[in-house]
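Here are my notes on the model you sent over. I've kept them as numbered points so you can go through them with the viewer open.

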Amino acid sequence: MWPERRTFLKASLLAGGGLALEAFIAVPARVLAAAGGAGAAAAAVHAELTAFVSIAPDGVVTITARNPEMGQGTKTSLPMIVADELDCDWDQVRIVQADADFARYGAQTAGGSNSTPSSWLPMRQTGAAARAMLLQAAAQQWSVPVAELTTSKGRIAHAASGRSCGYGDVASAAAQLAPPAPESVPLKQPGEFTVIGRAIAGIDGPRVLRGEPLFGIDTRLPGMLYAVYEVAPAHGGRLVKANVEAAKAAPGVKHVVPLTGDGDADSGLADGVAIVATHWWLANEARAKLDVQWDLSRAQGHSTAAYRARAGEALEKGGGTELRRDGDPDAALAGAAKRVSARYEYPFLAHGSLEPQNCTALFKGGKVEMWAPTQAPARGRELVQKLLGLPALEDVTVHVTRCGGGFGRRLMHDYMLQAAAIAKALPGTPVQLIWSREDDIRRDYYRAAGWHGLEAGLDADGRLIAFTDHFVTFGEGGSTARGANFTPTLPPADLIPNLGFTQTTMPTVLTTGWLRAPGSNALCFMSQGFLDEVAQAAGKDLPALMLELLGERRVIPPFGGRGVPFDTGRARAVIEKVLRTSAWSVKPLAAQTDPAGARRAKGFAFYFCHRGYFAEVVDASVTGTEVTVHKVWVAGDVGSHIINPFGAENQVRGAIIDGLAQALAGQAIEVVDGVVQQSNFHDYPLARMPITPEINIAWVKSDNPPTGLGEPALPPVIPALTNAIHAATGTRIRSLPVKLPAA
Amino acid sequence: MTYRLHINGQVHAVDVPGEMPLLWVLRESLGLVGTKFGCGMALCGACTVHVDGQPQRSCRLPVASVGDAQVTTIEHIGHTEIGARLQKAWLDTDVMQCGYCQAGQIMSAAAMLAATPKPSRDDIHAAMSGNICRCACYNRIETAIRIAAGLEPAGEPQQERDHVA
């Protein structure tokens with residue numbers, strides 16, 4: 001799965017005695033560069049610490065969590081992998097969160113559902129190697145062959161002599177040994193796992209429930225002040241003049257600092273005025289007293305309505321830049337026995353992570369120390385160094401705190417840069433910057449809106465022979481805006497002979513970015529919604545069409561040689577599984593009508609993203625314009641093992657409800673002249689408990705290394721829902737969020 | 001102005017403007033950071049505390065209006081019988097993902113169980129719909145409340161794994 005990476009191990013003696021074992025992965029420079037680690041990409045090969053485990057003389061096993069924890073559960077699930085191969089008791093394990101350190105850990109990014117696939121093998125090897133070293137040390141001490149020793153729950157036993165000891169007893173001796181080559185260490189057989197596959201509660205749970213400080217916003221430093229950062233009302237606005245006297249005189253306010261940035265809100269500092277006070281609420285209240293003149297000219301005309309009109313014009317006009325062309329889609333469409341066409345669209349979305357963006361910073365003696373809830377600490381550190389003009393990366397310390405939700409928002413570093421700039425203006429004073437919810441909704445890196453003009457052609461036998469999509473998205477100068485790109489491998493690509501994907505871009509002043517299952521969260525709605533239409537035109541249902549398209553089991557190499565291969569057999573297996581668990585009835589598609597007059601039906605969708613194969617069925621009913629989701633069946637294949645069923649099922653449930661909320665709660669970010677119209681949870685609603693359906697999860701285990709679960713369960717639920725609405729009412733949903741016409 | 005607040009069984013004197021919401025007094029004057037800021041408009045419930053046993057959104061509760069009322073926060077709820085039961089059920093069910101909203105969820109659930117020891121599904125939805133969980137741990141929140149109320153056996157509902165292949 002990560003063929004370019006090789007693990008090597010380094011052992012050392014802990015300061016207080018005991019074994020420390022570090023596993024490094026050699027990462028070629030071009031892989032690093034692709035991951036965004038420009039700072040170290042110059043080196044031919046970079047050694048990145050992927051696992052760090054230590055065994056103290058008292059037997060306590062400490063495992064370092066390299067990547068940030070935001071609720072995705074890897075702070076618990078990845079150490080479980082090490083602990084299992086080490087064969088220790090989970091109760092012996094302590095987990096420490098690593099600070100940002102590119103030279104040591106690499107990018108440390110939590111995103112893309114990448115942590116699990118990239119960690120699975122090296123973490124197993126590390127645990128197994130540590131166990132092998134402990135065994136060797138015990139064998140030497142007792143002068144017995146290693147092969148006669150066994151381990152269980154952190155203890156070593158020699159059955160023949162009746163001797164036994166704890167790992168801690170031989171940990172210091174083991175530290176003197178040369179670590180084995182990782183590939184040579186025997187790994188457990190799947191049936192031997194004692195920790196992997198167990199439902200283990202999240203490691204920080206007890207502390208969260210006692211209200212202990214864990215999150216970035218909980219950081220407290222002596223003498224700390226609290227800050228807000230007022231930015232232009234419109235995206236892309238520049239600061240012209242600020243009269244700050246009245247704000248300075250407001251209760252509790254200590255400093256008011258106008259800051260001029262470089263105008264690049266993506267990786268630099270947005271212009272703004274910082275208000276720093278004894279309490280955050282006082283700083284926030286003082287915003288009303290600011291008198292700031294902004295230049296908003298750049299944002300003129302950047303409105304949802306204008307974007308939609310331009311997209312409509314582009315779709316009328318046709319054409320666009322070619323992204324992929326297989327066969328001759330135009331000729332195949334022209335000669336098709338039956339044609340289906342439709343337009344699909346979806347809005348900008350915000351992330352709404354519940355912990356507002358925040359960062360604590362202390363600038364002192366030419367160095368800055370930061371406490372940041374971030375998904376990508378290494379990149380943030382590099383950007384802060386650049387913004388503050390500090391000579392070395394070591395002048396920036398980033399402590400990684402628990403994140404109160406991420407969803408991709410905290411892959412961006414605007415709030416870190418703002419905190420750093422404010423702290424630099426107030427040397428010696430620790431400052432905690434907190435965004436209001438309004439700041440957060442209005443200055444997000446939004447999931448980009450998009451428009452699709454779709455055409456499909458069927459032959460006389462009802463087989464799909466041609467498919468084209470003209471995608472209208474955002475971008476400038478030939479490049480696509482962040483997170484607004486197409487996926488040229490989405491169904492039915494690679495499954496039919498004639499295919500055309502084209503793209504037209506238009507500029508936007510809104511900052512766009514990655515939202516959980518980026519690209520897929522929108523593209524799957526289009527792909528599986530439209531293919532449901534195609535299936536109906538062909539007189540079948542979507543699962544039947546998908547199974548027909550997938551055909552015989554085979555592995556399709558990634559388009560253009562980049563990305564991950566697609567295994568049609570794995571796709572078939574999850575589809576067949578969910579059809580069984582949901583008791584899907586192939587025909588007829590007629591909806592049931594319940595006694596209350598609701599129209600009720602099931603809908604289906606499949607998607608493959610982030611290495612995960614997911615097929616989902618939604619059972620929904622419609623009464624008037626109200627949609628109720630009763631039950632969702634999920635079948636997913638993320639490889640051979642579910643490392644922690646507790647965390648895994650939480651990810652799937654969260655993704656399902658997240659997707660349902662995107663479709664049903666009324667989520668849409670709208671903009672007028674660059675000003676975002678939504679501001680808080682009253683006009684940007686999140687899922688609440690009553691929306692929650694029953695969710696049935698079936699894992700299809702396949703002989704593949706385990707992959708991540710933060711994202712792939714989300715995309716199919718949206719088209720499964722809209723397909724269910726169509727089956728129930730005959731109304732086709734081609735625009736999100738769902739709005740049903742009043743009868 | 002100085003206010004004498006009764007919080008978690010102790011009296012704290014704070015000198016802040018009377019309009020300042022209790023949330024910020026707890027978090028920034030008293031260091032009780034378990035109560036969370038989510039929206040500032042009483043829309044998400046992350047800041048829920050008990051005031052004389054009633055659940056209140058502390059982000060919209062001026063400190064001047066608290067008076068002599070007894071305030072209970074997440075830091076203390078484990079010392080109550082219902083709070084301890086809820087915390088145990090929460091951990092046994094592994095409710096949380098990011099955990100940021102969970103203090104507010106527990107506080108709302110504790111107030112509900114004090115008033116309605118054996119809640120129906122509708123009771124639970126009504127009492128908890130003011131608390132947003134962005135990670136959407138709602139199935140397990142409901143399960144944990146039912147376990148704490150003695151309405152179902154501890155542990156995860158079996159139906160979650162009926163179909164493991």
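1. How far apart do the C-alpha centres of domain 1 of chain B and domain 2 of chain B lie? They lie 20 Å apart. Bear in mind throughout that we're looking at a predicted model. The domain assignment splits chain B into domain 1 (2-76) and domain 2 (77-151). Where the two touch, domain 1 of chain B puts in 17 residues and domain 2 of chain B puts in 14.

2. Stay with that contact for a moment and look at the domain 1 side of chain B. β3 (48-51), β4 (54-57) and α2 of chain B each bring at least two residues to the side facing domain 2 of chain B. The largest share there is from β3(B), with three residues. Sorted by class, this side of domain 1 of chain B has six nonpolar, 10 polar and one charged residues.

3. Leu86(B) is worth a click. You'll find Leu86(B) in helix α3 of chain B. Is it buried or exposed? Leu86(B) has 27 other C-beta atoms within 10 Å, and the cut-off for buried is 20 or more, so Leu86(B) counts as buried. Setting aside neighbours within four places in sequence, Leu86(B) is in contact with Ile106(B), Ala109(B), Ala110(B), Ala144(B) and Ala148(B). Ile147(B) is 61 residues away from Leu86(B) in sequence, yet the C-alpha to C-alpha distance between them is 8.2 Å.

4. On to the interface between the chains. Chain B contributes 52 residues to the contact and chain A contributes 58. On the chain B side, six helices each supply at least two residues: α1 (22-29), α2 (74-77), α3 (81-93), α4 (102-115), α5 (121-128) and α6 (138-148). Of these, α6(B) gives the most, with four residues. By class, the side of chain B that touches chain A comes out as 30 nonpolar, 15 polar and seven charged residues.

5. Chain A has three domains in the assignment: domain 1 (6-191), domain 2 (220-297 + 353-442) and domain 3 (305-348 + 446-729). Taken over C-alpha atoms, the centres of domain 2 of chain A and domain 3 of chain A are 37 Å from each other. Their contact draws on 15 residues of domain 2 of chain A and 16 residues of domain 3 of chain A. The domain 2 side of that contact in chain A divides into eight nonpolar, three polar and four charged residues.

6. For a local packing check, try helix α14 (residues 520-537) of chain A against helix α15 (residues 542-550) of chain A. Their axes are 8 Å apart, at an angle of about 95 degrees, which means α14(A) is roughly perpendicular to α15(A). From α14(A) the contact uses Gln528(A), Leu531(A), Asp532(A), Val534(A) and Ala535(A), while α15(A) brings Leu542(A), Ala544(A) and Leu545(A). That makes six nonpolar, one polar and one charged residues by class.

7. Last, the core. The largest nonpolar core holds 293 residues, and Ala227(A), Ile275(A), Ala420(A) and Val634(A) touch the most other members. Helix α4 (residues 115-142) of chain A provides the largest share of this core, 12 residues. What does Ile275(A) touch, not counting residues up to four places away in sequence? The list is Ala227(A), Val228(A), Glu230(A), Ala247(A), Val253(A), Val256(A), Ala283(A), Ala286(A) and Arg287(A).

Technical notes
Residues are numbered from 1 along each chain as its sequence is written. Chains are lettered from A and ligands numbered from 1 in the order in which they are written. This is a predicted model: local features need pLDDT of at least 70, side-chain atom pairs count only at pLDDT 80 or more; totals for chains, interfaces and linings use all residues. Domain bounds come from an automatic or database domain assignment. Two residues are in contact if their C-beta atoms, placed from the backbone, lie within 7 Å. Ala, Val, Leu, Ile, Met, Phe, Trp, Tyr, Cys and Pro count as nonpolar, Asp, Glu, Lys and Arg as charged, and the others, Gly among them, as polar. Axes are lines fitted to C-alpha atoms, for helices over the stretch in contact, and angles run from 0 to 180 degrees between N-to-C directions. Angles under 35 degrees count as roughly parallel, over 145 as roughly antiparallel, 65 to 115 as roughly perpendicular and the rest as oblique. A nonpolar core is a set of buried Ala, Val, Leu, Ile, Met, Phe, Trp, Tyr and Cys residues joined through C-beta atoms within 7 Å. A residue is buried if 20 or more other C-beta atoms lie within 10 Å of its own, exposed if 12 or fewer, and partly exposed in between; C-beta atoms are placed from the backbone.
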